[in-house]
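This briefing concerns a metal site and the aromatic contacts of one protein model. Please consult the sequence and the structure below alongside the notes that follow.

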Amino acid sequence: MDKSLIAFILACVIPPFCLFTTLPSLQLQWRIVQSSIFSFVAGVLAYKLIPTIAELTAAAGLAGTDLNKRGLKQTENKKIPESLGIVTSVVFLVCVILFQLFQWFSFPEAIQLSEYNAALTSICFMILLGFSDDVLNLRWRYKLILPMFATLPLLVAYAGGTSVVVPNITFPFNLRSVLGQVFDLGIFYRIYLLLLAIFCTNSINILAGINGLEVGQSAVIATSIIIHNIVELRLHYSSLSQVVDGVLNQTLLPASPHLLSLVLMIPFLFTTLALLMHNWYPSRVFVGDTFTYFAGMCFAVVAILCHFSKTLLLFFIPQILNFLYSVPQLFGLIECPRHRVPRFNPSTGKMEAIPTNLTILNLFLMIFGPMTEKRLCITLLIFQGFCCAVGFGLRYYVADYFF
Ligand code: UD1
Ligand code: MG
């Protein structure tokens with residue numbers, strides 16, 4: 001296996017594991033270990049299944065040319081099987097549902113079973129629509145709205161709060177009276193959740209086009225969410241232990257929404273890493289829109305159910321930058337080709353920027369100069385990790401001043 005891939009996988013697994021060991025309750029740790037064992041098995045299963053299913057998708061005509069190998073004699077006419085996100089997503093769903101079957105986690109008070117099941121329905125619906133997109137090759141404007149339909153089951157079942165707190169910033173005007181107050185947004189809060197799901201899914205899908213990037217960025221975001229969940233669980237349970245004179249009652253652990261997020265994100269991370277092993281440069285499979293939509297929807301769903309949508313957006317800084325930079329092309333102000341990837345130069349083996357293709361891939365190449373596809377992917381993944389670290393800084397050091 002490629003050394004950089006091993007380093008990347010370790011970087012995704014070791015930090016959450018180190019934090020996990022600091023959790024204050026053995027009972028809590030045991031639940032997370034159970035979920036991790038399940039997820040590891042799911043990861044191995046996905047890894048083994050992908051080559052077999054890849055043969056089937058290729059035979060069914062779901063295969064694409066690797067745009068960044070054009071001009072290389074040995075790979076030029078090779079078709080790479082597409083849509084292997086279908087394996088990851090189905091194995092993920094089976095894993096999560098089996099975990100639910102064994103009732104190895106209890107629902108926090110804030111979340112109802114009906115909401116949780118609606119969340120799974122939304123993920124499932126998104127997988128269906130993503131796969132349909134891969135098969136039917138839908139036009140860009142239809143792709144954009146698919147997540148809207150998939151989010152409906154969750155929005156209908158959503159019973160959580162619809163209020164927001166206005167940040168407490170000191171202003172010299174009358175505004176001061178509304179700052180720091182809680183506002184009920186009602187229906188507008190649901191519209192915000194809908195837009196969040198549309199953004200999460202599409203923003204991952206458009207930060208793509210080089211081997212390993214779609215899956216790699218999803219793994220970094222999932223790792224960040226897991227770290228955030230563990231930090232929040234630590235805070236949650238250490239405040240509890242203070243209430244009962246420093247002794248944590250092991251039998252009466254009130255569940256936290258962050259535990260629920262963990263039992264969704266741990267299998268997501270393991271199955272995604274399994275897919276990455278096949279999708280890393282040089283890709284043996286492509287993930288398809290099935291995966292990008294599925295990943296975005298999983299992030300949106302956990303953030304909506306477990307109420308950390310603002311924090312989630314902090315982990316999406318590269319996607320937000322890429323979206324903002326893409327706006328003129330996405331909204332037709334300037335011409336948008338089918339693929340906005342950089343140019344591959346077969347004589348140097350490096351990728352070169354096409355400045356009219358407004359993605360941060362091209363922007364990075366303009367700033368740092370031409371580089372190989374693998375190096376570009378690693379640079380973007382390091383940038384993703386860096387932005388997530390900045391996101392943590394904002395969440396835990398800056399946000400306290402405002403909320
Ligand atoms: C989005 C991007 C598009 C980008 C494409 C790459 C927008 C508006 N759309 O389109 O610019 O080119 O993703 O996924 O920003 N491919 C590779 N190498 C890879 C991954 C994909 O060559 O590592 C190519 C293959 O030919 C594959 C195709 O991209 O068949 C898949 O494209 P698809 O996911 O259908 O494109 P979109 O999501 O519509
Ligand atoms: Mg795509």
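N205 has a relative accessibility of 11% in this predicted model, and N205 therefore counts as buried, the limit being under 20%. D289 is buried as well, with a relative accessible area of 10%.

**Magnesium site**
- N205, through OD1, and D289, through OD, are the protein donors of the magnesium ion (ligand 2), at 2.0 to 2.1 Å from the ion.
- The two donors link distant parts of the chain, since N205 belongs to helix α6 (residues 187-206) and D289 to helix α9 (residues 288-305), 84 residues apart.

**Aromatic pairs between helices**
- The model contains 19 aromatic pairs.
- In one of them, the ring centres of F268 and F299 are 5.1 Å apart and the planes stand at 65 degrees, so this pair is edge-to-face.
- F268 is located in helix α8 (residues 257-279) and F299 in helix α9, so the contact ties together parts that are 31 residues apart in sequence.
- F268 and F299 are both buried.
- One aromatic cluster is formed by F92, F199, F268, F291, F294, F299, F316 and F323.

**Aromatic pair within helix α13**
- The rings of F392 and Y396 are stacked, because their planes are at 10 degrees, with the centres 6.3 Å apart.
- Both residues, F392 and Y396, lie in helix α13 (residues 373-402), 4 residues apart, which is about one turn of the helix.
- F392 is buried at a relative accessible area of 16%, and Y396 counts as buried at 18% relative accessibility.
- R395 lies over the face of Y396, at 4.7 Å from the ring centre.

Key:
Residues numbered from 1 in each chain as written. Chains lettered and ligands numbered in written order. Predicted model: local features only at pLDDT ≥ 70, side-chain atom pairs only at ≥ 80, totals over all residues. Heavy atoms only, no water. Donors = N, O, S within 2.8 Å, 3.2 Å for Na, K, Ca; no water. Buried < 20%, exposed > 50% of the residue type's maximum accessible area, 1.4 Å probe, protein only. Phe/Tyr/Trp six-rings, centres within 6.5 Å; stacked < 30°, edge-to-face > 60°. Lys NZ or Arg CZ within 6 Å of the ring centre and 35° of its normal.
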